[in-house]
Amino acid sequence: MSDTQAATDHYWMQHALALAKRGQCNTTPNPCVGCVLVRDGVIVGEGHSQQAGGPHAEVMAMRMAGDAARGATAYVTLEPCSHHGRTPPCADGLIAAGVVRVVAALRDPNPLVAGRGLSRLNDAGIPAQAGVLRDAALEHHKGFLSRMVRGRPWLRIKMAASLDGRTALADGQSQWITGPAARADVQRLRARSCAMLTGIGTVLADDPQLTVRDPQGVDWQGRQPLRVVVDSRLRTPPTAKLLQTPGVLIVAAQGDAARRQALQAAGAEVMLLAGTDGRVDLAALLDELGRRGMNEVTVEAGGALAGVLLQAGLVDEVILYQAPVLIGNGRGVAEFDLASLADKLTPRVFERRMVGDDQRITLRFTDAAALSGEAAQ
């Protein structure tokens, strides 16, 4: 491939990735894919995945292009599907539309696809390849890849802390450590999350709703994430604010029938997932969320649950909003004990940027490239 062709492919794949990001809040459990159809250096069709059961990105692009799709090159952020699900195979649609080349950023690790889409295109005489802007696509699709490859969602913990590492005063006061720009950014995080996870301590102390409220700058369309509460002994009050909005899963290790019935009457689903220590089995919970089609889960919880998740090695990413304030004695971001400083957790700094007056630091325990067979190619 010539340098000119490689540069052209990169240019149009960047556009496809930008399209994919537009719809990332609405397609769960499907990945949000972007597709661009280009003929003679001009876009003739483009689109991104719609809500589950709706058209895929390729279909949206082909609808826009009409007959102009014939002779075009298709740039797509994930391998076109090759199986009948809620919609027909996109690989067949591209063949019928008369495209002459397909460029994908990633192969799809979904066992129902896994290279079959590209093979079907190649067998039809349409050159099809994967790997253009692979790293950027891995980052965008990391939640879907996590679920396909590991069977569980990409798990991030959101933290907001002062310069001295405090999330709240000793008496629990925490509103507000960070500024309005950081709080608005959190709403965008919630909007892209399939589920929000918290602990019973946060429910009892703060009575949060954990819903998305006006996530400015994203195409949200009103989809609320599932709210999940880790509540070993079913202490969640039936009057809790989060129960005012449908879509709550309370996960316990034990609990009497009366409490369970009261929470179910208030609209919650209650599940028992007991570990050997008498607490909720958090690894099993993540597996369950994967089975339910959750791609990305965001934790907003106190230091106790955050600490358990971190020590268990279940966290892929921490997003820390650090405010330029000092508040002295108070609660820390995570609670766990180390036998030695040599046992300290050492995530890598993935990104650091300002959000208003606060610093947003993204820390990674998991490399997105490790979630796909593409990493070995």
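Arg190 sits in helix α7, which runs over residues 180–192. The model is predicted. This briefing covers Arg190, an annotated site that includes Cys81, the pairing of helices α3 and α4, and helix α6.

**Arg190 in α7**

- Arg190 has a relative accessible area of 7%; because the cut-off for buried is under 20%, Arg190 counts as buried.
- Leaving aside residues up to four places away in sequence, Arg190 touches Met196, Leu210, Thr211, Val212, Arg213, Pro225 and Glu300.

**Annotated binding site**

- An unreviewed UniProt entry carries the annotation "binding site" for His56, Cys81 and Cys90.
- These residues span 35 residues in sequence, but no two of their C-alpha atoms are more than 9.3 Å apart, so they gather at one spot.
- His56 belongs to the loop that links β2 (42–48) with α2 (57–65).
- With a relative accessible area of 24%, His56 is partly exposed.
- Cys81 is located in the loop between β3 (73–76) and α3.
- The relative accessible area of Cys81 is 7%, and Cys81 is buried.
- Not counting residues up to four places away in sequence, Cys81 is in contact with His56, Pro88, Pro89, Cys90, Ala91 and Val113. Among these neighbours, His56 and Cys90 also come under the UniProt annotation.

**Helices α3 and α4**

- Two packed helices are described by the angle between their axes and the distance between the axes.
- For α3 (residues 90–97) and α4 (residues 116–123), the axes come within 9 Å and cross at roughly 25°.
- Angles under 35 degrees count as roughly parallel, and α3 and α4 are therefore roughly parallel to each other.
- The crossing in which α3 passes α4 is right-handed.
- On the α3 side the contact is made by Ala91, Asp92, Leu94 and Ile95, and on the α4 side by Gly117, Arg120 and Leu121.
- By class, the residues of this contact are 4 nonpolar, 1 polar and 2 charged.
- Ala91, one of the α3 residues in the contact with α4, is also touched by Cys81.

**Helix α6 and the residue after it**

- Helix α6 covers residues 142–150.
- Within α6, Lys142, Gly143, Phe144, Leu145, Ser146 and Arg147 are buried.
- Gly151, just after α6, takes a positive phi of about 80°.

Definitions and conventions: Residues are numbered from 1 along each chain as its sequence is written. This is a predicted model: local features need pLDDT of at least 70, side-chain atom pairs count only at pLDDT 80 or more; totals for chains, interfaces and linings use all residues. Side-chain values use heavy atoms; hydrogens and water are left out. Buried means under 20% relative accessible area, exposed over 50%, partly exposed in between (1.4 Å probe, protein chains only). Helices (H or I, at least four residues) and strands (E, at least two) are DSSP runs, numbered from the N terminus. Axes are lines fitted to C-alpha atoms, for helices over the stretch in contact, and angles run from 0 to 180 degrees between N-to-C directions. Angles under 35 degrees count as roughly parallel, over 145 as roughly antiparallel, 65 to 115 as roughly perpendicular and the rest as oblique. A crossing is left-handed if the near helix is turned anticlockwise from the far one by less than a right angle, and right-handed if clockwise. Contact means heavy atoms within 4.5 Å. Ala, Val, Leu, Ile, Met, Phe, Trp, Tyr, Cys and Pro count as nonpolar, Asp, Glu, Lys and Arg as charged, and the others, Gly among them, as polar. UniProt positions are given in the numbering used here, feature names are shortened, and annotations may be inferred rather than shown by experiment.
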